[in-house]
Amino acid sequence: MFVRVRVTANPSDNPVQQGGFFTISGSVRPGHRGTHVIVQRKKPRGWVKVDKVRLGKRSRYSIVLVVNWQGERTFRVKWPAQDHDHEPNKSRALTLRAA
């Protein structure tokens, strides 16, 4: 039986300033240094890839995104299957409001 990784995701601000930048950062446990996470955004027909980020030496990641929308957008971070002993998993959904 495989163990699921735990994926955390935290926004730097909420609400975010329209036209500005914000950061989503977090970690994957147990550690998987050198693997990657995928930042996704929810659209009406499902989740789409925004970017892919490599995990650092402490299995942490950080990505800076531009606030180029009005209203709300929902994001999550996914760790896809990348080794033989852990199942993929995703973070909780983050709904961010542009102010």
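**Exercise 1. The positive patch**

Name the residues that form the positive surface patch in this predicted model, and classify Arg-58 as buried or exposed.

Solution. The positive surface patch is formed by Arg-29, Arg-33, Lys-57, Arg-58 and Arg-60. One of these residues, Arg-58, sits in the loop that runs between β6 (46-54) and β7 (60-66). Its relative accessibility is 64%. The cut-off for exposed is over 50%, so Arg-58 counts as exposed.

**Exercise 2. A residue in the loop between β6 and β7**

Determine what is notable about the phi of Ser-59, and decide whether Ser-59 is buried or exposed.

Solution. Start with the location: Ser-59 belongs to the loop between β6 and β7. Next, take the backbone. The phi of Ser-59 is near 60 degrees, which is a positive value in a residue other than glycine. As a general rule, most residues other than glycine have a negative phi. Last, take the accessibility. Ser-59 has a relative accessible area of 2%, so it is buried.

**Exercise 3. Cis peptide bonds**

Locate the cis peptide bonds that involve Pro-15 and Pro-30, and give omega for each.

Solution. Asn-14 and Pro-15 are joined by a cis peptide bond with omega of about 10 degrees. Pro-15 is in the loop between β3 (10-11) and β4 (21-29). Another cis peptide bond joins Arg-29 to Pro-30, with omega of about -5 degrees. Pro-30 is part of the loop between β4 and β5. For reference, most peptide bonds are trans. Arg-29 also appears in the positive surface patch of Exercise 1.

**Exercise 4. A buried arginine**

Find the nearest side chain of opposite charge to Arg-41 and its distance, then list the contacts of Arg-41 beyond four places in sequence.

Solution. Arg-41 is in strand β5 (residues 36-43). The residue is buried and has no salt bridge. Its nearest side chain of opposite charge is Glu-72, 12 Å away. A salt bridge requires a nitrogen to oxygen distance within 4 Å. With neighbours within four places in sequence set aside, the contacts of Arg-41 are Gly-46, Trp-47, Val-48, Val-50, Arg-73, Thr-74 and Phe-75.

**Exercise 5. Salt bridge and strand β1**

State how many salt bridges the structure holds, identify the partners, and describe the surroundings of Val-3.

Solution. The count is one salt bridge. It is made by the side chains of Glu-87 and Arg-4, at 3.4 Å from N to O. This pair links distant parts of the chain, since Glu-87 is in strand β9 (residues 86-87) and Arg-4 is in strand β1, 83 residues apart. Glu-87 has a relative accessible area of 29%, so it is partly exposed.

Val-3 is in strand β1 (residues 3-4) as well. At 47% relative accessibility, Val-3 counts as partly exposed. Outside four places in sequence, Val-3 has contacts with Asp-85, His-86 and Glu-87. By C-alpha positions, Val-3 and Thr-23 are 28 Å apart in space, with their places 20 residues apart in sequence.

**Exercise 6. A serine in the loop between β10 and β11**

Classify Ser-91 as buried or exposed, and list what Ser-91 touches.

Solution. Ser-91 is in the loop between β10 (89-90) and β11 (94-98). Because its relative accessible area is 7%, Ser-91 is buried. Not counting residues up to four places away in sequence, Ser-91 touches Val-7, Thr-8, Ala-9, Arg-76 and Val-77.

Definitions and conventions: Residues numbered from 1 in each chain as written. Predicted model: local features only at pLDDT ≥ 70, side-chain atom pairs only at ≥ 80, totals over all residues. Heavy atoms only, no water. Helix = DSSP H or I, 4+ residues; strand = E, 2+ residues; numbered from the N terminus. Buried < 20%, exposed > 50% of the residue type's maximum accessible area, 1.4 Å probe, protein only. Lys, Arg positive; Asp, Glu negative; His and termini not counted. Contact = heavy atoms within 4.5 Å. Patch = residues over 30% accessible without salt bridge, like charges linked within 9 Å, V, L, I, M, F, W, Y side chains within 5 Å. Areas by Shrake-Rupley, 256 points an atom, 1.4 Å probe, with all protein chains shown as cover. Charge placed at Lys NZ, Arg CZ, Asp CG, Glu CD.
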